[in-house]
Amino acid sequence: MSKEDLLLLDFWVSPFCMRVKIALAEKGLNYESKEEDLFGGKSELLLKSNPVYQKVPVLLHNGKPLNESAIIVGYIDEKWPSPPLLPACAFGRSQARFWADYIDKKLFDATCTVWRSTGEAVGVAKKDFIEVLKVLEEALGEKKFFGGETFGFVDIVAIPMASWFYASEKFGNFTVEAECPKLSAWIKRSMQRESVAKALPDPEKVYDFVVMFRKMQGIE
């Protein structure tokens, strides 16, 4: 166990914060977590630690702030190399980073667009979301995890998004399991890991958060 000074500026429903929590758990690292009030007022520490984006997660390692979840996960893997999260070969690492980038650019927005939409736009958003899932399902193929036999970098980047899928399913009137059975099996497999099960909130609670957020945004 590490005696490093690690402080995570967190928000319980953020999939990006979940990534950092999973990576820290996979490395067996102890850390302190500080819940941010993103609606009531962000802390001075958050504003000072991430002045550019003013977003969570921020990981402070011995007082030095690290921003952007995929970058933080990469840092954790470099700083504490065992067990490795990225493949040993350069090509494998570049492929993992490609899929992490795809997930960052496509998946969360596609997930949220479903529950942010109303009327006929819901059908379009649902179709777009399922298309992104099918691309990921194809990348997964017959493997247990995105990197092969072992849970790793791409899995850590992707799996937190699954806690938001239930909300999209409810508003879009579909199920990920019916549309993408292999991806659904990967979600269940990943959820069996203690690091994932502890980091991800109950999808029902995420759904309740989404309902509240829709009201705040005036979406009916």
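**Entry 1: Lys198**

I looked up Lys198 and found its place in helix 10, which covers residues 194-199. The model I am reading is a predicted one. Lys198 has a relative accessible area of 67%, and since exposed means over 50%, I recorded Lys198 as exposed. I then took the distance from Lys198 to Tyr102: their C-alpha atoms are separated by 25 Å, with these positions 96 residues apart along the chain.

**Entry 2: Val196**

I turned to Val196, which lies in helix 10. Is Val196 buried or exposed? Its relative accessibility is 0%, so I entered Val196 as buried. Lys198, by contrast, is exposed.

I listed what Val196 touches, setting aside residues up to four places away in sequence: Ile22, Phe151, Ile159, Ser190 and Met191. I also looked up Ile156, which is 40 residues from Val196 along the chain. The C-alpha atoms of Val196 and Ile156 are separated by 8.3 Å.

**Entry 3: Ser190**

Ser190 appeared among the contacts of Val196, and I followed it up. The place of Ser190 is in helix 9, and helix 9 runs over residues 181-191. The relative accessible area of Ser190 is 0%, so this serine is buried.

Which residues are in contact with Ser190, once neighbours within four places in sequence are left aside? I found Phe145, Phe151, Ile159 and Val196. Phe151 and Ile159 are also touched by Val196.

**Entry 4: Helix 5**

I next examined helix 5, residues 121-140. This helix has 20 residues and reaches 29 Å from its first C-alpha to its last. That span is close to the 28 Å expected at 1.5 Å a residue. After helix 5 comes Gly141, and I noted that its phi is positive, near 60°.

I then asked which residues of helix 5 are buried. The buried residues are Val122, Ala125, Phe129, Ile130, Val132, Leu133, Leu136, Glu137, Ala139 and Leu140. Against what do the buried residues of helix 5 pack? I found four partners: helix 4 (90-116), helix 7 (162-172), helix 8 (176-179) and helix 9 (181-191). Helix 9 is the helix that holds Ser190.

**Entry 5: Helix 5 against helix 7**

I chose the pairing of helix 5 with helix 7 for a closer reading. The two pack at an angle of about 140°, and their axes are 10 Å apart. Roughly antiparallel would require an angle over 145 degrees, and helix 5 and helix 7 are therefore oblique to each other. Helix 5 passes helix 7 in a left-handed crossing.

I also recorded the residues that meet. From helix 5 they are Val122, Lys126, Phe129 and Leu133; from helix 7 they are Phe165, Ser168, Phe171 and Gly172. Val122, Phe129 and Leu133 are among the buried residues of helix 5.

**Entry 6: The two recorded domains**

I consulted the UniProt record, an unreviewed entry, for domains. For "domain: GST N-terminal" the record lists residues 4-84. Over residues 4-84 I read the chain as 36% helix and 21% strand, with the end C-alpha atoms 19 Å apart.

For "domain: GST C-terminal" the same kind of entry, again unreviewed, lists residues 89-209. Over residues 89-209 the chain is 76% helix and 0% strand, and the end C-alpha atoms are 41 Å apart.

**Entry 7: Cis peptide bonds**

I checked two peptide bonds that precede a proline. The bond from Val56 to Pro57 is cis, with omega near 0°. Pro57 is found in the loop between helix 2 (44-49) and strand 3 (58-61). Ser82 and Pro83 are likewise joined by a cis peptide bond, with omega about -5°. I placed Pro83 in the loop between helix 3 (69-79) and helix 4.

**Entry 8: Positive phi outside glycine**

Finally, I looked up two residues other than glycine whose phi is positive. Asn62 has a phi near 50° and lies in the loop between strand 3 and strand 4 (64-67). With a relative accessible area of 46%, Asn62 is partly exposed.

Glu68 has a positive phi of about 70°. I found Glu68 in the loop between strand 4 and helix 3. Its relative accessible area is 36%, so I entered Glu68 as partly exposed.

Definitions and conventions: Residues are numbered from 1 along each chain as its sequence is written. This is a predicted model: local features need pLDDT of at least 70, side-chain atom pairs count only at pLDDT 80 or more; totals for chains, interfaces and linings use all residues. Side-chain values use heavy atoms; hydrogens and water are left out. The expected span of a helix is 1.5 Å times one less than its number of residues. Buried means under 20% relative accessible area, exposed over 50%, partly exposed in between (1.4 Å probe, protein chains only). Contact means heavy atoms within 4.5 Å. UniProt positions are given in the numbering used here, feature names are shortened, and annotations may be inferred rather than shown by experiment. Axes are lines fitted to C-alpha atoms, for helices over the stretch in contact, and angles run from 0 to 180 degrees between N-to-C directions. Angles under 35 degrees count as roughly parallel, over 145 as roughly antiparallel, 65 to 115 as roughly perpendicular and the rest as oblique. A crossing is left-handed if the near helix is turned anticlockwise from the far one by less than a right angle, and right-handed if clockwise.
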